[in-house]
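Here is a short briefing on a metal site and its neighbouring ligand. Please keep the sequence and the model open while reading.

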Amino acid sequence: MDWGAIDRYAKSLIKEAGHRIRVSFAGKIQIETKADANDLVTDIDREIEQFFISRIRRDFPGHRILGEEGFGDDVRSGEGVVWILDPIDGTMNFIHQRRNFAISLGIFADGVGMLGYIYDVMADDFYHAFRGEGAYRNDERLPVLEPVSVEKAIIGINASWVAPNRYIDHAAVGRLVSDCRGTRSYGSAAIELAHVAAGRLDAYLSMRLAPWDIAGGSVIIREVGAVSTNLRGEELDMISNDTFIAARQGLHQGILDQYIRLKQT
Ligand code: IPD
Ligand code: CA
Ligand code: CA
């Protein structure tokens, strides 16, 4: 497998998709809801996913594609090469803010993350990584992250997990929010992972993410020495939805041990 060629191909595809998204703002965007009133999708999410899929199927017919909008393959195992794509991560931001959304792509071989990409389209910041070769923001190599204590950490977390909910003991999460230096929430898991990779966030956690939210980011953060697992500390399978934490080494285990009490759901 010529991973260098796949890397170059994926980068140029993502840049072209980013251009298509920017151009889409000139027209009227069609908005629909999915599972609930705040679960939004647009015609652009669908068009961009179809754009990726038609190109990948034409040029890599043996590869499979897992895409959020469902135009890809019915992927139930990690065998072979699987492209895991979120055409627009942060659709609510895309609609309401016209910024703070990203294209997220991870390319896995037999379940191992080989290539990872997060393209913050409006900032034109491209995060990318090749397994074992380091992570980059545009042409700048991202340094390996130093350890940090909870007291000095900025944690990416959505405020809804500090309110009573069916997934996690919110009082324990409240202690984390009080003990850490500060919290942030950006509304795009991919962008939050890019911030972890670049050392702007020290951890990011969520009660429910899908493989396409984290596939690209998990490859990238690994290259700077950060760790991602579910909130039980188990490896993610990139097939099913799960809880999620990504953090610098040490801080990752510290948060799991001291602040995470999952409920049985
Ligand atoms: C969502 C974003 C959001 C996260 C949600 C995701 P989407 O993805 O990543 O930050 O909290 O769980 O579903 O729907 O905008 O692609
Ligand atoms: Ca997403
Ligand atoms: Ca999406």
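The points below cover a calcium site, the ligand beside it and one helix contact.

This is a predicted model. Two residues recur throughout: E68 and I88 both donate to the calcium ion (ligand 3), and both belong to the surroundings of ligand 1.

**Calcium site**

- The calcium ion (ligand 3) takes its protein donors from E68 (OE), D86 (OD), D86 (OD) and I88 (O).
- These donors lie 2.2 to 3.1 Å from the ion.
- Along the chain, the donors of ligand 3 are spaced as E-x17-D-x1-I.
- E68 sits in the loop between β3 (64-67) and β4 (81-89), and I88 sits in strand β4, so the pair ties together parts that are 20 residues apart in sequence.
- D86 has a second role: it bridges the calcium ion (ligand 3) and the calcium ion (ligand 2).
- The two calcium ions bridged by D86 lie 3.7 Å apart.

**Exposure of the two donors**

- E68 is partly exposed, at a relative accessible area of 25%.
- I88 is buried, at a relative accessible area of 1%.
- The cut-offs explain the labels: I88 counts as buried because its value falls under 20%, while E68 falls between 20% and 50%.

**Ligand 1 and its shell**

- The residues surrounding ligand 1 include the calcium donors E68, D86 and I88.
- Also in this shell are D89, G90, T91, G187, S188, A189, R208, L209 and D213.
- β4 and β12 (203-209) each supply at least two residues of the shell.
- β4 gives the most, with 3 residues.
- The space taken by ligand 1 is the largest pocket.

**Backbone contacts to ligand 1**

- A backbone N or O atom of A189 lies 2.9 Å from an oxygen atom of ligand 1.
- For S188, a backbone N or O atom lies 3.2 Å from an oxygen atom of the ligand.
- I88 also has a backbone N or O atom 3.2 Å from an oxygen atom of ligand 1.
- Ligand 1 exposes 380 Å² when taken alone, and the protein buries 73% of that.

**From I88 to helix α2**

- Which residue lies 44 residues from I88 along the chain, with a C-alpha separation of 8.4 Å? That residue is I44.
- I44 is found in helix α2 (residues 43-59).
- I44 counts as buried, with 7% relative accessibility.

Technical notes
Residues are numbered from 1 along each chain as its sequence is written. Chains are lettered from A and ligands numbered from 1 in the order in which they are written. This is a predicted model: local features need pLDDT of at least 70, side-chain atom pairs count only at pLDDT 80 or more; totals for chains, interfaces and linings use all residues. Side-chain values use heavy atoms; hydrogens and water are left out. Donors are N, O and S atoms within 2.8 Å of the metal (3.2 Å for Na, K and Ca); water is not among the atoms, so sites may look incomplete. Helices (H or I, at least four residues) and strands (E, at least two) are DSSP runs, numbered from the N terminus. Buried means under 20% relative accessible area, exposed over 50%, partly exposed in between (1.4 Å probe, protein chains only). A residue is near a molecule or strand if one of its heavy atoms lies within 4 Å of it. A polar contact is a pair of N or O atoms within 3.5 Å; within protein, one must be able to donate a hydrogen and the other to accept it, and residues adjacent in sequence count only if both atoms are side-chain atoms. Accessible areas come from the Shrake-Rupley method with a 1.4 Å probe; for residues, only the protein chains shown count as cover. On a 1 Å grid over the protein atoms alone, a cavity is a set of points where a 1.4 Å probe fits but cannot get out, and a pocket is an open set with protein on both sides within 12 Å along at least five of seven lines; lining residues have an atom within 4 Å of a point. A molecule sits in a cavity or pocket if more than half of its atoms lie within 2 Å of its grid points.
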